[in-house]
Structure formats: C-alpha cells, structure tokens
Amino acid sequence: MEIIEADPLPNDDLVQIAYADTREEAALIRGLLREEGIRSLAKQASINGPALGAGLLTRSARRIYVRPADATHARTLL
C-alpha cells in the first residue's frame, strides 16, 4: 500500500489517498475507512490507467478515493 500525500484541490470531487497492490488490500483499506464513517471508492488501475480485460483471478492494483473533506482523516487512519 502507498499513501498518497497530495493535497486536494478545492474543486475536486474525489481525491486519491492510497494505492493498493491487490483487490484484497483495497478491501481492507476501505473497511477501515468505512468503520470510521468515511465513504470511499476503489478504482482498478494499471500503470497507464484502467486495466481492460482483467479477469477475476488477476492481481490488479486499486486506487482508493475519498471526498476532499475526508482526505486528511483518512490518511491519518492509514
């Protein structure tokens, strides 16, 4: 897991706070955030963007996003 430290821009709808190497790691991160009342979104990604044609058995990285107002608290939790 990598925590993304970039500060959100005021007009952003969602900001990336973490990068998970696997779907399972993303699920654990999102579960921790959910327990603290922080809604999140995980998007499948590869080096060049979304990975097309990836099946259920492939390892695929996920980018974790939250609302800008929750970003600092979410990073602290992680």
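1. Start with the pairing of strands E2 and E4 in this predicted model. E2 covers residues 15-20 and E4 covers residues 61-66. The two run antiparallel, and five bridges join them. If you want one pair to look up in the viewer, take Ala18: its bridge partner in E4 is Ile64.

2. Now lay helix H1 over that. H1 spans residues 23-35 and packs on the sheet, where it touches E2, E3 and E4. The direction of H1 makes about 20 degrees with that of E4. For a view from a single H1 side chain, try Ala26, which touches Ala20, Arg62 and Ile64 once you leave out residues up to four places away in sequence.

3. Next, the sheet as a whole. Its four strands come in the order E1-E2-E4-E3, the sheet is open, and the pairing is antiparallel. Which strands stand at the edges? They are E1 (2-3) and E3 (40-45). Each has a single partner strand, so one side of each has no neighbour in the sheet.

4. Along the chain, you'll meet the elements as β-β-α-β-β-α, reading from the N terminus. That comes to two helices and four strands. Sequence-distant contacts are well represented: of the contacts between residues at least 6 apart in sequence, 66% join residues at least 24 apart.

5. On to the core. The largest nonpolar core has 12 residues: Val15, Ile17, Ala18, Ala20, Ala26, Ile29, Leu33, Ile38, Ile64, Val66, Ala71 and Ala74. E2, H1, E4 and helix H2 (71-77) each supply at least two of its residues. Which element gives the most? That would be E2, with four residues. As background, nonpolar side chains in soluble globular proteins tend to be buried together. Across the chain, buried residues make up 32% of the 78 residues.

6. Val15 deserves a closer look. This residue lies in strand E2 and belongs to the largest nonpolar core. Is Val15 buried or exposed? Its relative accessible area is 5%, and the cut-off for buried is under 20%, so Val15 counts as buried. Val15 and Ile64, another member of that core, are 49 residues apart in sequence, yet their C-alpha atoms are 8.3 Å apart in space.

7. Last, the rings. How many aromatic pairs does the structure hold? Zero. There is a charge over a ring, though: Lys43 lies over the face of Tyr65, at 5.8 Å from the ring centre.

Definitions and conventions
Residues are numbered from 1 along each chain as its sequence is written. This is a predicted model: local features need pLDDT of at least 70, side-chain atom pairs count only at pLDDT 80 or more; totals for chains, interfaces and linings use all residues. Side-chain values use heavy atoms; hydrogens and water are left out. Two strands pair if DSSP finds at least two bridges between them. Contact means heavy atoms within 4.5 Å. Axes are lines fitted to C-alpha atoms, for helices over the stretch in contact, and angles run from 0 to 180 degrees between N-to-C directions. Rings of Phe, Tyr and Trp (its six-membered ring) pair if their centres lie within 6.5 Å; planes under 30 degrees apart count as stacked, over 60 as edge-to-face and the rest as tilted. A charge sits over a ring if NZ of Lys or CZ of Arg is within 6 Å of the ring centre and within 35 degrees of the ring normal. A nonpolar core is a set of buried Ala, Val, Leu, Ile, Met, Phe, Trp, Tyr and Cys residues joined through side-chain atoms within 4.5 Å. Buried means under 20% relative accessible area, exposed over 50%, partly exposed in between (1.4 Å probe, protein chains only).
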